[in-house]
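Q: I should like to learn how to read ligand surroundings and sheet topology from a set of coordinates. Where should one begin?

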Amino acid sequence: MGRYCELENETHWEADVVHTSDQSGQPRRRTLPSKLAEHPSVQAVLARRDAEEAASNPPAVIDAAWLRELCLRAGADDAAAVSLDHPDLAGERAYAIEAMPGSRTLISLVVRMNRESYRSTARSVANHEFHLADDEVNHAARMIAQGLEDAGYRALNPAAGFPQEMDRFPGRIWVVAHKTVAVAAGLGVMGINRNVIHPKYGNFILLATVLVDAEVSDYAEPLDYSPCVDCKLCVAACPVGAIGKEGDFDFFACMTHNYREFMSGFTEWAQTVADAEDASDFRAQVTDSENASMWQSLAFRPSYKSGYCLAVCPAGEDVLGPYLEDRKQYMDTVLRPLQDKQETLYVLPGSHAQEYAQRRYPHKPVKEVSGGWQPPVPKREGDS
Ligand code: B12
Ligand code: SF4
């Protein structure tokens, strides 16, 4: 398109270059000599300028369909947005505002884990799967935050798991409780095992949350049913009895065993090093395998000792089939190998976990530990 024009004795075609809309939503026209307007560099500069202008004046409300597309393209398997004013998020509000003042919406996202890898009795396989999915969900969250930033919004992506705010430890160290957000956003419901169960993917998901400073045109609502089928396999699978039949959760039982090589278990390991009289005293207290595993956790990524409550869960439309077909076969192939595995269980002395582990799993050695929660009572003179 163009029109004939005479300017300062020069005769040429002027091109109408129509670019993106301005603040009022009206298309803006730039008039340039046609030769210049058609030059690739000029077109690139103008396109970039228009994009920058659009980004500095983003729509006040984010379009929900645009946002969902952004999330899926970033690698999420599912995503939904929830207002920070949602009553179920009252406990998260102050943390979200502290992390990013002006936060208005939380975007919850889900990345699937491969089921068979997570169910493996080889802890290296299950942990590898966990860490790779953790990377994926973190990557997706980062891409979403970047996409929002490019569109002119302020957005922030806290880690899916670690790193966390260790200066608050042993208080709440996580920036956002991803489970609480996912449930409020309708992506699933917490089952008896206290993991969020997605209606399709079951509990084989990791979660992340992106904070953004704008509202979204359409917010999701919590699910009106729980995908948990109340089979209690998670109760039967947990080697330290952390999952109660009614969904009550023994935090210290799980943390002491499962987090043996995380912050609290590591502290106890360091104390053992500090208190040991010599190398042979230290090696009498910590086996070669435990030391090798601690090295692996420090050098690569921390190894969870369990996660069986999640591994055995048959809930979710994509997961449930084999359980419905033959429950005995499901238990023989998914639950029993984890129950039969020879492995050390770490428990607090005198705890319910200790009594439970000894009674239910006599073939698994049970080791008393402090869990690193309390510093040991200082040795007094004369103590042996
Ligand atoms: C803290 C934490 C843990 C703690 C506590 C777990 C828990 N239920 O809260 C420990 C170390 C035990 C843990 C273990 C695991 N975790 Co974890 N964990 C988290 C974290 C950082 C926060 C969880 C949270 O919001 N808890 C509070 C509320 C929402 O959960 P709740 O179940 O109602 O909490 C109860 C207890 O934990 C207890 N409690 C919480 N804190 C404290 C502190 C003390 C001192 C006490 C006494 C009690 C207590 O009180 C609550 C009410 O009953 C999130 C990451 C994040 N930033 O959100 C991952 C997260 C929840 N973990 C996850 C996973 C996968 C696991 C494990 C399977 C890892 C593994 N391989 O073993 C296990 C599963 C244990 C289980 N059945 O819950 C996933 C869950 C995914 C899903 N499908 O839901 C998350 C969301 C990580 C992620 N990005 O995907 N985890
Ligand atoms: S294992 Fe069974 S009871 Fe436990 S959370 Fe999954 S469906 Fe619910």
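**Reading the ligand shells and the sheet**

A: By class, nine nonpolar, two polar and two charged residues make up the shell around ligand 2. The model is a predicted one.

Q: How many residues surround ligand 2, and which are the closest?

A: A residue is counted when its C-beta atom, placed from the backbone, lies within 6 Å of the molecule. Here 13 residues surround ligand 2, the closest being Gly191, Cys228, Cys231, Cys234 and Cys313. Domain 2 (61–216) and domain 3 (233–368) each supply at least three residues to this shell.

Q: Where does ligand 1 lie with respect to the domains, and why?

A: One asks which domains give residues to the shell. Both domain 2 (61–216) and domain 3 (233–368) do so for ligand 1, and therefore ligand 1 lies between them. Its shell has 29 residues, with Ala160, Trp174, Ala177, Val196 and Gly307 the closest. Two or more residues come from each of α7 (178–184), β10, α9 (251–258) and α13 (308–311). By class, 18 are nonpolar, nine polar and two charged.

Q: In what order do the strands of the open sheet run?

A: Strand order is read from the pairing of neighbours. The four strands follow the order β5-β6-β10-β7, with antiparallel pairing. The edges are β5 (78–83) and β7 (155–156), each of which pairs on one side only. Strand β7 joins β10 (residues 205–212) through two antiparallel bridges, and alanine 155 stands opposite valine 212 in β10.

Q: Which helix packs on the sheet?

A: Helix α6 (residues 123–150) does, touching β6 (105–112), β7 and β10; its direction makes about 20 degrees with that of β10.

Note on methods
Residues numbered from 1 in each chain as written. Chains lettered and ligands numbered in written order. Predicted model: local features only at pLDDT ≥ 70, side-chain atom pairs only at ≥ 80, totals over all residues. Nonpolar A, V, L, I, M, F, W, Y, C, P; charged D, E, K, R; others polar. Domains from an automatic or database assignment. Pairing = 2+ DSSP bridges. Contact = placed C-beta atoms within 7 Å. Axes fitted to C-alpha atoms, helices over the stretch in contact; angles between N-to-C directions.
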